[in-house]
Amino acid sequence: MKTETETAILELEAARRKAMLASDFEALRGLLDKDLHYGHSTGGTDSRESYLAKIAGGANVYEKLDIAVERVVELADGAAMAIGTMKARVRLTDRTVDVHNSFITVWRRTHGRWQMVGHQTVSKL
């Protein structure tokens, strides 16, 4: 049986996937913590604002996205991480790329609300 935290994180990851596919800037803003550190498999990094700007500006358009959460680990009260894999087709400004990554996301609950504060991927290709 899943814990309340596991259930919450799985629902949040599903909501993140849906928002990414829809380029839903506002939904993503609600899911991403103001202190977000978003690490890409290319070595690049984004803050919440720089990542959202890429989504809003069409620099990152997710044409296809499959996220499989393999495990949720509760780190402490109000902190958890999801570990899994992601396969995507992403249209960038100058090209379209297919990615197959392992990921870790870190979620923090503040004032009763979970938001993603950390994201890191590593290429599986």
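## His-40 and its surroundings

His-40 touches Thr-45, Asp-46, Tyr-51, Lys-54, Gln-120 and Thr-121, once residues up to four places away in sequence are set aside. Bear in mind that this is a predicted model. His-40 sits in the loop that runs between β1 (32-39) and β2 (45-46). Loop or not, His-40 has a relative accessibility of 18%, so it counts as buried, the cut-off being under 20%.

One of those contacts is a long way off along the chain. His-40 and Gln-120 are separated by 80 residues in sequence, yet their C-alpha atoms are 6.1 Å apart in space.

## The largest pocket

His-40 turns up again here. Which residues lie nearest the centre of the largest pocket? They are His-40, Thr-42, Asn-60, Leu-92 and Val-99, out of a lining of 20 residues. The volume comes out at about 380 Å³.

As for what builds the walls, β2, β3 (60-76), β4 (79-92), β5 (96-110) and β6 (113-123) each put at least two residues into the lining. β5 gives the largest share, with four residues. By residue class, the lining splits into nine polar, seven nonpolar and four charged.

## Helix α1: two sides

Now for helix α1, residues 4-21. Its 18 residues should span 26 Å at 1.5 Å a residue, and the end C-alpha atoms are indeed 26 Å apart, so the two agree. The buried residues of α1 are Thr-5, Ala-8, Ile-9, Leu-12, Glu-13, Arg-16, Ala-19 and Met-20. They cover an arc of only 135° around the axis, which means they are on the same side of α1. Glu-4, Glu-11 and Lys-18, on the other side, are exposed.

Glu-13 deserves a second look. This residue of helix α1 has a relative accessible area of 2%, so it is buried. Leaving out residues up to four places away in sequence, Glu-13 touches Ile-67, Val-69, Ala-82, Phe-103, Thr-105 and Trp-107.

## Two buried residues in β5

Phe-103 is part of strand β5. With a relative accessibility of 2%, Phe-103 counts as buried. Its contacts beyond four places in sequence take in Glu-13 and Arg-16, which are both on the buried list for α1. Phe-103 also contacts Ile-67, Ala-68 and Val-69, then Ala-82, Ile-83, Gly-84, Thr-85 and Met-86, and finally Gln-120 and Thr-121. Gln-120 and Thr-121 are contacts of His-40 too. For contrast with all those contacts, take Ala-59: Phe-103 and Ala-59 are 44 residues apart in sequence and 21 Å apart in space, C-alpha to C-alpha.

Asn-101 is found in β5 as well. Is Asn-101 buried or exposed? It is buried, since its relative accessible area is 4%. Setting aside residues up to four places away in sequence, Asn-101 touches Ser-41, Gly-84, Thr-85, Met-86, Thr-121, Val-122, Ser-123 and Lys-124. Gly-84, Thr-85, Met-86 and Thr-121 also appear among the contacts of Phe-103.

## Helix α3 and its cover

Helix α3 covers residues 48-56, and in it Arg-48, Tyr-51, Leu-52 and Ile-55 are buried. They take up an arc of only 95° around the axis, so they fall on the same side of α3. Tyr-51 is one of the residues that His-40 touches.

What covers the buried residues of α3? The cover includes α1, α2, β1, β2, β3 and β6.

## Positive phi angles

A few backbone angles are worth checking by eye. α3 is followed by Gly-58, with a positive phi near 80°. After α1 comes Ser-23, again with a positive phi, and here the value is about 50° although Ser-23 is not a glycine. Ser-23 belongs to the loop between α1 and α2 (25-31). Its relative accessibility is 28%, so Ser-23 counts as partly exposed.

His-111 is another residue other than glycine with a positive phi, near 55°. Where does His-111 lie? It is in the loop between β5 and β6. At 82% relative accessibility, His-111 counts as exposed, whereas His-40, at 18%, counts as buried.

Notes
Residues numbered from 1 in each chain as written. Predicted model: local features only at pLDDT ≥ 70, side-chain atom pairs only at ≥ 80, totals over all residues. Heavy atoms only, no water. Buried < 20%, exposed > 50% of the residue type's maximum accessible area, 1.4 Å probe, protein only. Contact = heavy atoms within 4.5 Å. 1 Å grid on protein atoms, 1.4 Å probe; cavity = no way out; pocket = protein on both sides within 12 Å on 5 of 7 lines; lining within 4 Å. Points joined across faces, edges and corners; volume = space filled by probe spheres on them. Nonpolar A, V, L, I, M, F, W, Y, C, P; charged D, E, K, R; others polar. Expected span 1.5 Å × (residues − 1). Arc of directions from axis to C-beta.
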